[in-house]
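Subject: Structure handover

Hello,

Here is the structure we talked about, with the sequence alongside. Please open both before you read the notes below.

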Amino acid sequence: MIGPLLHPVPDNHESSVSPLFRMTDEERLVADFSGTGMTVGPHPMSYHREEMNRIGITRAADLHSIPSGRTTRIAGSVIARQRPGTAKGFVFLSIEDETGIANAIILPAIYEKFRTLVTYGKFLLVEGQLQNQDNVISVKAASVKALPVSAAHAPSHDFH
């Protein structure tokens with residue numbers, strides 16, 4: 001027997017229609033990253049994959065099938081920046097798309113040319129020569145461009 005405390009109470013004000021507009025994908029991404037530093041929804045790059053394919057961006061998961069030495073383009077969210085003291089001015093980026101992580105090697109001269117983007121860019125497009133040495137795949141950057149994918153602040157681990 002259920003006591004009166006557990007009986008359902010009718011709500012005459014209940015509505016199945018929300019008075020709020022549904023968030024756009026971009027608004028949800030910004031809110032997710034702002035609140036938690038991540039999203040449980042699709043990766044920001046997945047919303048732009050069709051355009052990325054059109055402009056010749058290789059997915060991280062497909063880099064293994066490209067011959068070493070070939071010029072390629074990678075793009076995504078910068079998740080880590082490293083500039084080891086022993087690396088003679090080289091900077092290493094880990095760039096994430098919806099399929100995985102791609103590595104970029106930024107030579108000192110390229111770093112100086114694109115310093116602001118490499119240091120502060122959230123989403124980047126890197127073009128350069130693919131290197132596959134002992135199954136360690138990297139793109140040796142010749143150019144770096146900002147990628148206007150999302151205003152979401154995807155956090156990165158920088159220069160640790």
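**P42 and its surroundings**

Leaving out residues up to four places away in sequence, P42 touches R28, L29 and Y47. Please keep in mind throughout that this is a predicted model. P42 sits in the loop that runs between α1 (25-36) and α2 (49-54). Is P42 buried or exposed? The answer is in between: its relative accessible area is 41%, so P42 counts as partly exposed. H7 is 35 residues away from P42 along the chain, and the C-alpha atoms of the two are separated by 40 Å.

One of the residues that P42 touches, R28, also takes part in a salt bridge. Its side chain meets that of D32, with 2.8 Å from N to O. D32 and R28 are about one helical turn apart, because they are four residues apart in helix α1.

**The protein as a whole**

The protein has four helices and six strands. Read from the N terminus, the order of the elements is α-α-β-β-β-α-α-β-β-β. Along the principal axes, the C-alpha atoms fill a box of roughly 75 × 35 × 30 Å. How does the radius of gyration of the protein stand against that of a compact globule of 160 residues? The globule would come to near 15 Å, whereas the protein has 22 Å.

Of the 160 residues, 37% count as buried. The protein exposes about 10300 Å², and carbon and sulfur atoms supply 56% of that area. Among contacts with a separation of 6 or more, 56% are between residues 24 or more positions apart.

**The nonpolar cores**

In soluble globular proteins, nonpolar side chains tend to be buried together. In this model, the largest nonpolar core has 22 residues. The residues with the most contacts inside this core are I74, L93, I106, V118, V126 and V144. Which elements each supply at least two residues of the core? They are β1 (71-82), β2 (91-97), β3 (100-106), α3 (108-113), β4 (123-133) and β5 (136-146). The element that gives the most is β5, with four residues. Apart from this core lies another one, of 12 residues, which includes M52, I57, A75 and V149.

Two residues of the largest core are worth finding on the screen. I74 is in strand β1. Its relative accessibility is 1%, and a residue is buried when it is under 20%, so I74 counts as buried. Not counting residues up to four places away in sequence, I74 touches I57, T58, L63, I95, A102, N103, A104, L124, L125, V126 and V139. F21 is not on that list: I74 and F21 are 53 residues apart in sequence, and their C-alpha atoms are 35 Å apart in space.

V118 is the other one. With residues up to four places away in sequence left out, V118 touches R81, V91, L93, I106, Y111, L124 and V144.

**R81**

R81, which V118 touches, is found in strand β1. Is R81 buried or exposed? It counts as buried, because its relative accessibility is 2%. A polar atom of the R81 side chain lies 3.1 Å from the backbone oxygen of T119. For the backbone oxygen of G121, the distance to a polar atom of the R81 side chain is 2.2 Å.

**Salt bridges**

Side chains of opposite charge can pair when their charged atoms come close. How many salt bridges does the structure hold? There are six, and the pair of D32 and R28 described above is one of them.

The side chains of R59 and D62 also meet in a salt bridge, at 2.8 Å from N to O. R59 is partly exposed, with a relative accessible area of 30%, and D62 counts as partly exposed at 28%.

R115 forms a salt bridge with E112, and the closest N and O atoms of the two are 2.7 Å apart. R115 has a relative accessible area of 36% and is partly exposed; E112, at 45%, counts as partly exposed too. Elsewhere, R49, D97 and E98 are joined into one network by salt bridges that share partners.

Regards

Methods: Residues numbered from 1 in each chain as written. Predicted model: local features only at pLDDT ≥ 70, side-chain atom pairs only at ≥ 80, totals over all residues. Heavy atoms only, no water. Buried < 20%, exposed > 50% of the residue type's maximum accessible area, 1.4 Å probe, protein only. Contact = heavy atoms within 4.5 Å. Polar contact = N/O pair within 3.5 Å; in protein donor to acceptor, adjacent residues only side chain to side chain. Core = buried A, V, L, I, M, F, W, Y, C linked by side-chain atoms within 4.5 Å. Rg over C-alpha atoms; globule rule 2.2 N^0.38 Å. Areas by Shrake-Rupley, 256 points an atom, 1.4 Å probe, with all protein chains shown as cover. Salt bridge = Lys/Arg side-chain N within 4 Å of Asp/Glu carboxyl O.
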